[in-house]
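Hi,

Here is the structure I promised to pass on. Have a look at it first, and then read my notes below.

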Amino acid sequence: LAQRAQANAAVAAENADRAALYREIARANGHPEWEAEVRRTFAQRWVDRAQPGWWVQQGASWSRK
């Protein structure tokens, strides 16, 4: 359980950092309202670049690429 707690904390920290990055990219472009679009754009690029056999999430579901 200790390792699970550490992993969950690391994931939460990574997600917070990523959210801050998306927010700053949108603000740097003068459009803070674009934050959701920046998030979608990054997510789609990661899915597009995933190697065959990797698990990817699209919407609420996961599938193998």
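How many aromatic pairs does the count come to? The answer is two aromatic pairs, where rings of Phe, Tyr and Trp (its six-membered ring) pair if their centres lie within 6.5 Å, with planes under 30 degrees apart called stacked, over 60 edge-to-face and the rest tilted. In one of them, the ring centres of Tyr22 and Phe42 are 5.2 Å apart and the planes sit at 45 degrees, so this pair is tilted. Tyr22 belongs to helix 1 (residues 2-28) and Phe42 to helix 2 (residues 35-49), so the pair ties together parts that are 20 residues apart in sequence. Helices here are DSSP runs (H or I, at least four residues), as are strands (E, at least two), numbered from the N terminus. Ring pairs also bring in Trp46, giving a cluster of Tyr22, Phe42 and Trp46.

Before going on, a word on the ground rules. This is a predicted model, so local features need pLDDT of at least 70 and side-chain atom pairs count only at pLDDT 80 or more, while totals for chains, interfaces and linings use all residues. Residues are numbered from 1 along each chain as its sequence is written, and side-chain values use heavy atoms, leaving out hydrogens and water.

As for confidence, pLDDT is the predictor's own score for each residue, from 0 to 100. The chain averages 96, and 100% of the residues score at least 70. Strand 1 (residues 55-58) has the lowest mean among the elements, 94, and helix 1 the highest, 97.

Back to Tyr22: is it buried or exposed? Tyr22 is buried, at a relative accessible area of 2% (buried means under 20%, exposed over 50%, partly exposed in between, with a 1.4 Å probe and protein chains only). Its partner Phe42 is partly exposed at 28%. The buried residues of helix 1 are Ala19, Tyr22 and Ala26. Just after helix 1 comes Gly30, with a positive phi near 75 degrees.

Then there are the salt bridges, four by count (a side-chain nitrogen of Lys or Arg within 4 Å of a carboxyl oxygen of Asp or Glu). One of them joins Glu24 and Arg27, with the closest N and O atoms 2.2 Å apart. These two are three residues apart in helix 1, about one helical turn. In helix 2, Glu35 meets Arg39 at 3.5 Å, N to O, and Glu37 pairs with Arg40 at 2.9 Å.

Cheers
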